[in-house]
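This report introduces the strand arrangement of one protein model, together with the helices that accompany it. Please keep the sequence and the structure in view while reading.

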Amino acid sequence: PGIDDGAQTMDQSMELLTAMAELGYRKVVTTPHNMADGYKNTPEIILGGLERVRDEVRRHGIPVEVDAAAEYYLDHELEQKVADRKVLTFGDNYLLFELPFISEPTVMLSVIFQMQTAGYRPVLAHPERYTFWYNDFTKYERLKERGVLFQLNTIALSGAYGLQAKQIAERLIDAGHYELLGSDCHSMGHVQAIRNTLARPYLHKLIASGKLLNSTL
């Protein structure tokens with residue numbers, strides 16, 4: 001549901017969901033990108049798309065439950081969206097957000113505090129991909145101390161985003177910092193990348209940690 005860089009036709013979406021069901025997924029929470037200067041996925045657009053996808057899932061007999069939220073880019077509009085409660089969450093009021101890949105936004109901590117004050121539980125998407133923190137692990141620890149949940153893009157463990165992202169993901173697993181697993185599944189190529197990750201020791205270490213919240217969603 002929604003429009004983002006991995007936008008699919010309905011047939012492609014059904015192909016992806018079928019493949020994910022074959023991998024053992026029983027529920028998928030889609031999180032289309034939302035940003036001021038790019039993907040203007042309002043809650044209305046996303047939820048409207050969700051109903052169409054659910055109808056097709058039932059028609060195809062795919063054994064997967066589908067829900068939807070959004071992945072919010074931390075830009076100049078996010079504070080207002082939070083204040084107006086025009087955001088989609090999943091699970092226990094989890095609010096998924098991502099950062100620019102260039103540098104840490106100066107308002108990051110204040111926006112996180114605003115989310116928490118409004119009753120949301122901030123979830124940082126793919127922390128293993130932010131290169132500006134690679135040489136200062138305390139940046140991750142500071143966010144954990146503030147109650148921010150971390151979501152791993154599973155395919156990072158297969159090296160899909162490069163060696164450094166894989167190494168940071170493994171270090172974050174060692175530190176017990178991840179609470180959620182995400183797929184970043186935009187195409188059948190990503191499905192294959194997930195398959196390539198299934199035997200990775202660090203994926204099994206994370207699953208065995210007992211910290212993951214995916215089963216509660």
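Two strands are said to pair if DSSP finds at least two bridges between them. The model described here is predicted.

**The sheet**

In this model, 6 strands form an open sheet with parallel pairing, in the order 2-4-5-6-7-8. Its edge strands are strand 2 (33-34) and strand 8 (180-182), each of which pairs on one side only.

Three of the pairings can be described through a bridge between named residues. Strand 2 and strand 4 (residues 71-73) run parallel and are joined by 2 bridges; in this pair, His33 stands opposite Glu71 of strand 4. Strand 5 (residues 94-98) is joined to strand 6 by 4 bridges, again in parallel, and Leu96 lies opposite Val123 in strand 6. Strand 6 also pairs in the parallel sense with strand 7 (residues 149-153), over 3 bridges. Here Leu124 has Phe150 of strand 7 as its bridge partner.

| Strand pair | Bridges | Sense |
|---|---|---|
| Strand 2 and strand 4 | 2 bridges | parallel |
| Strand 5 and strand 6 | 4 bridges | parallel |
| Strand 6 and strand 7 | 3 bridges | parallel |

**Strand 6 and its connections**

Strand 6 (residues 121-125) is mostly covered, with 4 of its 5 residues buried. Strand 6 takes part in a right-handed β-α-β unit with strand 5 and helix 4 (residues 108-117). Another right-handed β-α-β unit consists of strand 6, helix 5 (residues 138-145) and strand 7.

**Helix 5**

Which residues of helix 5 are buried? They are Tyr140, Leu143 and Lys144. These residues lie on the same side of helix 5, because they cover an arc of only 100° around the axis. An α-helix has 3.6 residues a turn, so residues three or four places apart point the same way. The buried residues of helix 5 pack against helix 4, strand 6, strand 7 and helix 6 (163-174). Just after helix 5, Gly147 adopts a positive phi of about 85°.

**Glu170 in helix 6**

Helix 6 contains Glu170. Is Glu170 buried or exposed? The cut-off for a buried residue is under 20% relative accessible area. Glu170 has a relative accessibility of 17% and therefore counts as buried. When residues up to four places away in sequence are not counted, Glu170 touches Leu157 and Tyr202.

How values were computed: Residues are numbered from 1 along each chain as its sequence is written. This is a predicted model: local features need pLDDT of at least 70, side-chain atom pairs count only at pLDDT 80 or more; totals for chains, interfaces and linings use all residues. Side-chain values use heavy atoms; hydrogens and water are left out. Buried means under 20% relative accessible area, exposed over 50%, partly exposed in between (1.4 Å probe, protein chains only). A crossover is right-handed if, with the strands pointing away from the viewer, the path from the first strand over the helix to the second runs clockwise. The arc is that of the directions from the helix axis to the C-beta atoms. Contact means heavy atoms within 4.5 Å.
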